[in-house]
Amino acid sequence: MPPKKMARASTTAATSGKDDSDKAISSAKRTVGWKRKAAASVETGNRKDSSESPGSAQYCHWLIKSEPESRLEKGIDVKFGIEDLKALPNQTSCWDGVRNYQARNFMRQMKEGQLAFFYHSNCKEPGIAAVVKIVKKAYADHTQFDETDVHYDATSKPDKPKWSMVDVQYQRMMKRFLPLSELKKYHLQHRSTGGPLKDMMLCTRARLSVQPLTTEEFDFVLGLEDKEQL
């Protein structure tokens with residue numbers, strides 16, 4: 001578990017909201033505190049600041065990654081799996097620590113009420129574990145100003161913060177864990193024959209910790225939980 005000094009779950013934005021999310025999940029299927037510290041481990045390379053252009057594609061479904069297994073970074077355990085989220089007050093946490101501009105820009109597109117897959121990364125068996133809901137849109141990530149935090153950024157200023165975070169709330173576990181290996185098989189099939197996962201960012205931009213999903217991708221992946229593993 002992350003150290004207690006890291007507790008900062010938002011409670012003002014958290015509401016149960018499970019009925020609405022269950023309806024959204026059912027609809028999709030018919031059509032076909034602690035601080036989260038894991039994102040930085042899979043985000044390197046894109047260090048040039050940028051913002052979304054007016055013509056950028058807009059998404060309403062997401063995939064967000066976190067590490068379910070213990071790993072020390074500067075003496076701090078960055079572990080944060082779905083069970084850690086479920087254990088928090090209101091089962092809600094801020095999604096801090098994102099230090100990649102493209103991932104940040106995707107996060108800034110998120111709207112309250114949208115659904116995301118909670119993905120376990122950098123572990124023995126990576127894959128989709130649960131569904132969460134965005135309960136607070138993007139706001140300044142406090143860890144960028146904390147000199148004791150592993151994601152401190154000395155170049156970011158309070159009057160013009162570089163980094164943002166959202167709040168997410170647990171909704172439900174997947175009926176079965178969807179491993180990355182299975183999703184890759186569908187991706188390869190769909191690239192050859194056509195299908196919803198042919199351009200899925202999880203397989204084309206694997207290291208990005210915040211990823212958008214098209215409605216077709218989200219619906220297809222959600223439907224896999226009712227099928228036997230490929």
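The side chain of Asn 100 reaches the backbone nitrogen of Gln 102 at a distance of 3.0 Å. In this predicted model, the contact marks a helix boundary: Asn 100 caps the N-terminal end of α3, with a side-chain oxygen 3.0 Å from that backbone nitrogen of Gln 102. Asn 100 itself belongs to the loop between β4 (92-94) and α3. Because its relative accessible area is 3%, under the 20% limit, Asn 100 counts as buried.

The helix that follows is likewise withdrawn from the surface. Of the 9 residues of α3, 7 are buried, so the helix is largely enclosed by the rest of the structure. The buried positions in α3 are Tyr 101, Ala 103, Arg 104, Asn 105, Phe 106, Met 107 and Gln 109. Their cover includes the strands β1, β6, β7 and β8 (210-213), together with the helix α5 (201-204).

The surroundings of α3 can be placed within the overall layout. The protein chain has 6 helices and 8 strands, and along the sequence these follow the pattern α-β-β-β-α-β-α-β-β-β-α-α-β-α. Of its 230 residues, 53% count as buried.

The interior may be described through its nonpolar cores. In soluble globular proteins, nonpolar side chains tend to be buried together. The largest nonpolar core here has 24 residues, and Leu 85, Trp 95 and Val 210 have the most contacts inside it. At least two residues of this core come from each of β1 (61-66), α2 (82-86), α3 (101-109), β5 (115-120), β6 (127-140) and β7 (164-179). Among the contributing elements, β6 gives the most, with 4 residues. The surroundings of Leu 85 show how separate parts of the sequence come together: beyond residues up to four places away in sequence, Leu 85 touches Phe 80, Gln 91, Thr 92, Ser 93, Phe 118, Val 132, Val 168 and Tyr 170. Apart from the largest core lies another, of 20 residues, among them Phe 117, Leu 183, Leu 202 and Val 221.

Phe 117 leads from this other core to the pairing of the strands. The bridge partner of Phe 117 in β6 is Val 131. β5 and β6 run antiparallel and are joined by 6 bridges. Their hairpin has 6 residues between the strands, and in it Asn 122 takes a positive phi near 50°. On to the next strand, β6 and β7 also run antiparallel, with 10 bridges joining them. In this pairing, Ala 140 stands opposite Ser 164 in β7.

The loop between β6 and β7 contains Trp 163. With a relative accessibility of 0%, Trp 163 counts as buried. This loop residue also leads back to α3: Trp 163 and Tyr 101 are 62 residues apart in sequence, yet their C-alpha atoms are 8.3 Å apart in space.

A further buried site is found in helix α4 (residues 180-193), which holds His 187. His 187 has a relative accessible area of 6% and is therefore buried. Not counting residues up to four places away in sequence, His 187 touches Leu 197, Lys 198, Asp 199, Met 200, Cys 203 and Thr 204. For one of these, Lys 198, the C-alpha atom lies 5.1 Å from that of His 187, across a separation of 11 residues in sequence.

The cysteines raise a separate point. Cys 94 counts as buried because its relative accessibility is 1%, and Cys 123, at 17%, counts as buried as well. The structure nevertheless holds 0 disulfides.

Confidence in the prediction varies along the chain. The average pLDDT of the protein chain is 85, and 76% of the residues score at least 70. Over residues 1-16 the pLDDT stays under 50, and the model has 42 contacts for them beyond four places in sequence. A pLDDT below 50 also applies to residues 37-42, a stretch with 23 contacts in the model beyond near neighbours in sequence.

Note on methods. Residues are numbered from 1 along each chain as its sequence is written. This is a predicted model: local features need pLDDT of at least 70, side-chain atom pairs count only at pLDDT 80 or more; totals for chains, interfaces and linings use all residues. Side-chain values use heavy atoms; hydrogens and water are left out. pLDDT is the predictor's confidence in each residue, from 0 to 100. Contact means heavy atoms within 4.5 Å. A nonpolar core is a set of buried Ala, Val, Leu, Ile, Met, Phe, Trp, Tyr and Cys residues joined through side-chain atoms within 4.5 Å. Buried means under 20% relative accessible area, exposed over 50%, partly exposed in between (1.4 Å probe, protein chains only). A disulfide is a pair of cysteine sulfur atoms within 2.5 Å. Two strands pair if DSSP finds at least two bridges between them. A polar contact is a pair of N or O atoms within 3.5 Å; within protein, one must be able to donate a hydrogen and the other to accept it, and residues adjacent in sequence count only if both atoms are side-chain atoms.
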